[in-house]
Amino acid sequence: MSHQQDMEDTVEKLIHKGKGILAADESAPTIAKRFAAIGVESTEEKRREYRSLIFSTPSLGDHISGVILYEETLNQRSLDNKPMAELLLRQGIVPGIKVDKGKGPMANAPGDEITYGLDGLEERLQGYREQGARFAKWRDVYHITDTNPSRLAIEANAEVLARYAAVCQSLGVVPIVEPEVLIDGYHTIEHSAQVCESVLKAVFDALHRHGVVLERMLLKPSMVTPGKSHTTQANPEQVAEATLHVFRRVVPAAVPGIVFLSGGQTPEEATANLNAINQHGPQPWALSFSYGRALQEPAQKAWAGTLENGPAAQSAMHKRAQLNGAARNGEYSTDMEG
Ligand code: 5MM
């Protein structure tokens with residue numbers, strides 16, 4: 001199969017109706033925070049146990065189309081001594097890989113950050129592809145304050161995202177382009193809409209400059225919401241309206257799918273918001289999920305670092321995957337939370 005066909009086939013699988021992506025690509029510092037919240041020390045063995053359990057959830061493939069892995073996980077073997085990617089493939093799930101190397105302060109842009117990882121990307125991607133990864137993910141982060149993100153940070157981050165995406169496509173790997181506008185802060189939903197629009201506009205300009213084929217990529221953005229500390233929070237209908245209003249203005253119809261991140265929304269909020277977005281009727285793109293915390297929080301609580309809790313963790317994982325699969329079709333209702 002040619003690289004082009006291969007990428008189109010991967011995209012089609014990832015945006016399959018009723019399914020979405022599980023983001024299990026937390027870097028070592030991030031998973032340590034998640035484990036600390038449930039009183040578990042983050043060791044390599046504990047991370048292997050947890051991720052192996054989650055990926056073996058019975059019927060996970062009915063609602064999850066792809067899983068984003070962290071490099072360490074791609075190199076690990078499951079509890080039944082199989083490569084982790086094989087565990088996913090057995091369930092018809094496409095393995096993917098986080099390829100950015102994290103972020104840090106950006107020079108001459110106070111309060112803004114820039115994502116690292118372009119050096120050696122091509123060689124790393126070749127290796128990941130040989131290990132079974134068919135899509136990749138790179139995350140840029142934008143803080144909202146009175147002065148952030150600066151125009152400089154918006155342009156610089158868009159440029160690296162586009163360069164990453166172009167390298168992926170040259171190797172037959174589908175790029176997931178993730179510009180995350182953070183939910184932290186006191187800002188209004190209007191302010192969030194304004195920032196999201198500027199960020200997405202810059203990202204698509206850069207993708208065009210770098211010759212990225214929009215039909216062979218997915219966008220992983222934040223939904224448009226008020227800041228987490230803003231006095232008034234938005235209901236799912238308001239989030240859906242604000243999000244679709246911005247996206248219709250700046251995301252080309254050639255992009256096959258938008259797979260939202262949850263970004264600090266609770267599991268229930270993330271599901272209800274995605275459902276409201278899908279209830280607005282047909283859009284040019286498939287509208288699905290690529291959640292980390294909103295899919296995993298209940299499973300992590302149920303597991304609590306104990307192997308014997310594996311079935312309870314798997315059942316919690318399956319439930320959130322199923323509910324988000326329904327939301328991806330606009331068929332979720334809060335009654336289903338049970
Ligand atoms: C925004 O984070 C991504 C989606 O997760 P949420 O749904 O929880 O917001 C997630 O894929 C993230 O990029 C990874 O967890 C990697 O994050 P770190 O901070 O470890 O690079």
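Where does the ligand sit? In this predicted model, the ligand sits in the largest pocket.

**View 1. The shell of residues around the ligand.** The ligand is surrounded by 17 residues. Ser-27, Thr-30, Lys-98, Lys-137 and Ser-262 are the closest of these. Sorted by class, the shell comprises nine charged, five polar and three nonpolar residues. Two strands, S6 (135-142) and S7 (174-181), each contribute at least two residues to the shell.

**View 2. Polar contacts to oxygen atoms of the ligand.** The side chain of Ser-262 places a polar atom 2.5 Å from an oxygen atom of the ligand. For Ser-27, an N or O atom of the side chain is 2.6 Å from a ligand oxygen atom. At Gly-263 the contact involves the backbone, where a polar atom is 2.7 Å from an oxygen atom of the ligand. On its own, the ligand has 500 Å² of accessible area, and the protein covers 92% of it.

**View 3. The surroundings of Ser-333.** Ser-333 is located in the segment that follows helix H12 (310-328). Is this residue buried or exposed? Ser-333 is classed as partly exposed because its relative accessible area, 28%, falls between the 20% limit for buried residues and the 50% limit for exposed ones. Between Ser-333 and Ala-276 the C-alpha to C-alpha distance is 9.9 Å, while the two residues are 57 residues apart in sequence.

Methods:
Residues are numbered from 1 along each chain as its sequence is written. This is a predicted model: local features need pLDDT of at least 70, side-chain atom pairs count only at pLDDT 80 or more; totals for chains, interfaces and linings use all residues. Side-chain values use heavy atoms; hydrogens and water are left out. A residue is near a molecule or strand if one of its heavy atoms lies within 4 Å of it. A polar contact is a pair of N or O atoms within 3.5 Å; within protein, one must be able to donate a hydrogen and the other to accept it, and residues adjacent in sequence count only if both atoms are side-chain atoms. Accessible areas come from the Shrake-Rupley method with a 1.4 Å probe; for residues, only the protein chains shown count as cover. On a 1 Å grid over the protein atoms alone, a cavity is a set of points where a 1.4 Å probe fits but cannot get out, and a pocket is an open set with protein on both sides within 12 Å along at least five of seven lines; lining residues have an atom within 4 Å of a point. A molecule sits in a cavity or pocket if more than half of its atoms lie within 2 Å of its grid points. Helices (H or I, at least four residues) and strands (E, at least two) are DSSP runs, numbered from the N terminus. Ala, Val, Leu, Ile, Met, Phe, Trp, Tyr, Cys and Pro count as nonpolar, Asp, Glu, Lys and Arg as charged, and the others, Gly among them, as polar. Buried means under 20% relative accessible area, exposed over 50%, partly exposed in between (1.4 Å probe, protein chains only).
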